[in-house]
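Let's take a walk through this structure together, starting with one helix and ending with how far to trust the coordinates.

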Amino acid sequence: MRTSTARDRPRHAPPPRRRYVGLPRRPWANAAGRLRTDSRCGVNFTVSAFPPLALGYFGLGTGYLMWGPQELLGWPKRGERADRALGVWGIWLPGFCQFISGIVLIIGLTWFQVFKAPPEYMAALAFSAYGIHWFALGWNRCQGNDHRPNAGMTIAYMLISAMGASVFFAVGDWPVGVLVGLFAVYFCHFFTTIGVGAAERVLGLVRILTGAWLMYLTYAVVVNLCLGYHWPVRHEPVAAGERPRQPTRRVLRAVKRIRLRQ
């Protein structure tokens, strides 16, 4: 009795499957030695209590404290050298620090899920958007470009600032909600772009006040995380056996209405 060959089989019939014998059984591989793709191979990361918020606060606050005195007091006097220096600092401090913080938060929230607090999504959006726009602000200041197109930008960033204040006040994080001063920054910035002279001094004052508050937030987040203090800011670690703060009733009612509509 002869065995069947490839010539005897119909052309539409699949070739016989090879049997892999002697391969070591690995928990991440199937019988053929290929990578296992089922749920048993999933990698779970531990939830982190150290979101990179202080870096973003510090970068933005430093930028405001550097740009504010020139707008409020006229020091240093506007010129090519001063504009180049402030532009470089604007790119690297408020720009790069916030961009790094935003990207780390976005990746931690979406890919690895090491951050779980929903307000951190708002922080990720704000840090990323503010960081990218500071890249543009710093570059335009270095090059001496026209600032009038910034009028449309200020409207968009007033929306993000109001959104952030709404979210953080709703979850009871009033120290970050006080950053509604960012809305005032872009409100004043809008009038400077359309040529209102007095608005520049008001813009400088608002930048300095907002920058000082950002320095407080930086200090509070660091001492809460490193030393276990309880300064008024929500982003602090949860001690063993302590229940995390719950959302306000307003937020719970809003979530319930959304679920009922679905």
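The expected span of a helix is 1.5 Å times one less than its number of residues. Keep that in mind as you look at helix H2 in this predicted model. H2 covers residues 80-110, and its 31 residues should therefore span 45 Å; the C-alpha atoms at its ends lie 43 Å apart, which agrees. Along the way, H2 bends by about 30° at Gly95.

Now step back to the whole chain. It holds eight helices and zero strands, so the pattern along the sequence, by DSSP runs, reads α-α-α-α-α-α-α-α. Of its 262 residues, 38% count as buried. Among contacts between residues at least 6 apart in sequence, 66% join residues at least 24 apart.

Next, look inside. The largest nonpolar core has 40 residues, and Tyr57, Tyr64 and Leu217 touch the most other members. Helices H1 (53-73), H2, H3 (119-143), H4 (150-170), H6 (181-193) and H7 (198-227) each give two or more residues to this core, with H3 giving the most, nine residues. Leaving aside residues up to four places away in sequence, Leu217 touches Tyr57, Pro175, Val176, Leu179 and Val233.

Turning outward, the chain exposes about 17100 Å², and carbon and sulfur atoms supply 64% of that area.

Finally, how far can you trust what you see? The chain averages a pLDDT of 83, and 74% of the residues score at least 70. Over residues 32-39, though, pLDDT stays under 50, and the model has 14 contacts beyond four places in sequence for them. Residues 236-244 are also below 50, with 11 contacts beyond near neighbours in sequence. Where pLDDT is low, the predicted coordinates should not be read in detail.

How values were computed: Residues are numbered from 1 along each chain as its sequence is written. This is a predicted model: local features need pLDDT of at least 70, side-chain atom pairs count only at pLDDT 80 or more; totals for chains, interfaces and linings use all residues. Side-chain values use heavy atoms; hydrogens and water are left out. Helices (H or I, at least four residues) and strands (E, at least two) are DSSP runs, numbered from the N terminus. The bend at a residue is the angle between axes fitted to the seven residues ending there and the seven starting there. A nonpolar core is a set of buried Ala, Val, Leu, Ile, Met, Phe, Trp, Tyr and Cys residues joined through side-chain atoms within 4.5 Å. Buried means under 20% relative accessible area, exposed over 50%, partly exposed in between (1.4 Å probe, protein chains only). Contact means heavy atoms within 4.5 Å. pLDDT is the predictor's confidence in each residue, from 0 to 100. Accessible areas come from the Shrake-Rupley method with a 1.4 Å probe; for residues, only the protein chains shown count as cover.
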